[in-house]
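Got your viewer open? Let's take a short walk, one selection at a time.

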Amino acid sequence: MVNMLLTYRDCRERFGKPYQIDGAVADGRLRKIEPGIYSDGGNPSELAVIQFKYPKGILAFESAYLYYDLTDYIPERYALATPANATAIRDSRVKQYYVPKRIYALGITEIAKGGDRIRIYDRERVLVDTARMKNLMAVDLYKEVIGNFRKRIAELDPTKIADYLEQFPKRSMIERIIDEEVF
């Protein structure tokens, strides 16, 4: 049986009244993960819970670097990109980045990591974002990430990078950084 996360509403539809949900939790058919989130199987990873709870959140920046093995630095919080008009995420496990609507969806993909399917920006988008945010990053982290992109240049699709750059403000600055420091 596949471990599936459920909202309280899902549980109401499946089990009925609140006391029946409590009974399912008590006899082990259902597990309460946190308020409003349940599992009908084992113990889901924290990342699976975060992505279930914030379905518009896309792993980006520090988290993407870790999942793409561009660094071994483990961030204290999950970095999630959300549309600029999204509600603020008030969760101590999450660092939220508001992204303009016209570039939010560029490069969203899903990868398998540690038994989870995770929503994350593809490598090309992560590279563009890294160049775009260069001045806001810790210098050591930036150098490590760019150095690892340089080592994995064969894995990058230059056409995708060019397509993404067309959508970004300050395109020429970002393109110059990528050309000089990666390609």
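One word before we click: buried means under 20% relative accessible area, exposed means over 50%, and partly exposed is in between (1.4 Å probe, protein chains only). This is a predicted model, where local features need pLDDT of at least 70, side-chain atom pairs count only at pLDDT 80 or more, and totals for chains, interfaces and linings use all residues. Residues are numbered from 1 along each chain as its sequence is written, and side-chain values use heavy atoms, leaving out hydrogens and water.

**Stop one.** Select Thr82, in strand S5 (residues 78-83); strands (E, at least two residues) and helices (H or I, at least four) are DSSP runs numbered from the N terminus. Buried or exposed? Thr82 has 4% relative accessibility, so Thr82 counts as buried. Now add Gln96: its side chain makes a polar contact with the Thr82 side chain at 2.8 Å. (That's a pair of N or O atoms within 3.5 Å; within protein, one must be able to donate a hydrogen and the other to accept it, and residues adjacent in sequence count only if both atoms are side-chain atoms.) Thr82 also touches other residues, including Tyr97 and Tyr104, with contact meaning heavy atoms within 4.5 Å.

**Stop two.** Keep Tyr97 and add Phe61. They form a tilted aromatic pair, 4.5 Å centre to centre with 45° between the planes. Rings of Phe, Tyr and Trp (its six-membered ring) pair if their centres lie within 6.5 Å; planes under 30 degrees apart are stacked, over 60 edge-to-face, and the rest tilted. Phe61 is in helix H4 (residues 61-67) and Tyr97 in strand S6 (residues 94-99), so the pair ties together parts 36 residues apart in sequence. Phe61 is buried at 8%, and Tyr97 is buried at 17%.

Terms used:
Lists of a residue's contacts leave out its neighbours within four places in sequence.
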